[in-house]
Amino acid sequence: MIARLRGTVAARTAAGLVVDVGGVGYLVAATPRVAARVGEETTVETYLHVREDALQLYGFASADERALFELLLGVSGVGPKVALAIVSGSPPAELRRAIVREDTARFEAIPGIGRKTAQRVVLELREKMTIPAEAPMSADAVTARDALVELGWSLLDAEGALAGVDAALPVEEQVRLALRKAA
């Protein structure tokens, strides 16, 4: 198995990145955190996916990204392209927190992930997460976060703005306080 490559990110193609290691170019489908390193000397954590008709390398900026990718591959109906899309969407810590909180909306926001796949990811991985269990987000907190997302905020920014707001307040008040906090 090829677990890590150290070399120069030589080019970005439609199929992925070309990492030049000692004169050999490896084609790697990688997360955006790796793709941003074109022209730089870098270390890429990799996962070699073996299929009947192909060997494909997937690249990650950290071992934590790769570990989460491998966990996602164990979910029924999640292949390497979908797992890469999920890992590319947010930092691994945020994704782990979303799984523990049973926040399927975070996964549904990723292109190619539907409601059933998002529910399967949460259901099958919730027990495997290594972070302390947190209570699932309340329905009002999810509604307030979704309202901020509809206003153009990213999921991470919306959650961050609502972190200091009392969840017992009505949804409208939570959104208003988050907006005021951002101004």
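The secondary structure of the chain comprises 9 helices and 5 strands. The model described here is a predicted one. Read from the N terminus, the elements follow the order β-β-β-α-β-β-α-α-α-α-α-α-α-α. The C-alpha trace spans about 60 × 35 × 25 Å along its principal axes. Of the 183 residues in the chain, 39% are buried. Among contacts between residues at least 6 apart in sequence, 53% join residues at least 24 apart.

The buried nonpolar residues were considered next. In soluble globular proteins, nonpolar side chains tend to be buried together. The largest nonpolar core of this chain holds 25 residues, and those with the most contacts inside it are Phe60, Phe69, Leu72, Ile86, Phe107, Val121 and Leu125. At least two residues of this core are supplied by each of strand E5 (55–60), helix H2 (63–73), helix H3 (80–89), helix H4 (92–100) and helix H6 (115–125). A second core, separate from the largest one, has 11 residues, including Leu5, Val19, Val28 and Ala30.

Leu17 lies in strand E2 (residues 16–21). Its relative accessibility is 2%, and Leu17 therefore counts as buried, the cut-off being under 20%. Apart from neighbours within four places in sequence, Leu17 is in contact with Val9, Ala11, Arg12, Tyr26, Leu27, Val28, Ala30, Val34 and Ala35. One of these partners, Val34, is 17 residues from Leu17 in sequence, and the two C-alpha atoms are 8.7 Å apart in space.

Helix H2 contributes to the largest core, and the buried residues of H2 are Glu65, Arg66, Leu68, Phe69 and Leu72. Viewed down the axis of H2, these residues fall within an arc of 165°, so they line one face of the helix. An α-helix has 3.6 residues a turn, so residues three or four places apart point the same way. The buried residues of H2 pack against helix H1 (32–35), strand E4 (41–50), E5, H3, H4 and H6.

The packing of H2 against H3 was examined further. The two helices meet at an angle of about 135°, and their axes are 9 Å apart. This angle makes H2 oblique to H3, since it lies outside the range of 65 to 115 degrees for roughly perpendicular axes and is not over 145, the limit for roughly antiparallel ones. The contact involves Glu65, Leu68, Phe69, Leu72 and Leu73 on the side of H2, and Pro80, Ala83, Leu84, Ile86 and Val87 on the side of H3. The crossing of H2 past H3 is right-handed.

Helix H6 also supplies residues to the largest core. In H6, Thr117, Ala118, Val121, Val122 and Leu125 are buried. Around the axis they cover an arc of only 135°, which puts them on the same side of H6. Arg115, Lys116 and Leu123, on the other side of the helix, are exposed. The partners against which the buried residues of H6 pack are H2, H3, H4 and helix H5 (104–108). Val121 illustrates this packing at the level of a single residue: leaving aside neighbours within four places in sequence, Val121 is in contact with Leu72, Val75, Val78, Ile86, Ile99, Phe107 and Arg126.

The loop between H4 and H5 contains Glu102. This residue has a positive phi of about 60°, although it is not a glycine. With a relative accessible area of 37%, Glu102 is partly exposed, because this value lies between the limits of 20% for buried and 50% for exposed residues.

A further pair of packed helices is formed by helix H7 (residues 139–150) and helix H8 (residues 155–162), which pack at an angle of about 130° with their axes 9 Å apart. H7 and H8 are therefore oblique to each other, and their crossing is right-handed. The contact is made by Ala141, Ala144, Arg145, Leu148 and Val149 of H7, together with Leu155, Ala158, Glu159 and Leu162 of H8.

Within H8, the buried residues are Leu155, Ala158, Glu159, Ala161 and Leu162. Their directions from the axis of H8 fall within an arc of 165°, so these residues line one face of the helix. The buried residues of H8 pack against H4, H5, H7 and helix H9 (171–182).

Definitions and conventions: Residues are numbered from 1 along each chain as its sequence is written. This is a predicted model: local features need pLDDT of at least 70, side-chain atom pairs count only at pLDDT 80 or more; totals for chains, interfaces and linings use all residues. Side-chain values use heavy atoms; hydrogens and water are left out. A nonpolar core is a set of buried Ala, Val, Leu, Ile, Met, Phe, Trp, Tyr and Cys residues joined through side-chain atoms within 4.5 Å. Buried means under 20% relative accessible area, exposed over 50%, partly exposed in between (1.4 Å probe, protein chains only). Helices (H or I, at least four residues) and strands (E, at least two) are DSSP runs, numbered from the N terminus. Contact means heavy atoms within 4.5 Å. The arc is that of the directions from the helix axis to the C-beta atoms. Axes are lines fitted to C-alpha atoms, for helices over the stretch in contact, and angles run from 0 to 180 degrees between N-to-C directions. Angles under 35 degrees count as roughly parallel, over 145 as roughly antiparallel, 65 to 115 as roughly perpendicular and the rest as oblique. A crossing is left-handed if the near helix is turned anticlockwise from the far one by less than a right angle, and right-handed if clockwise.
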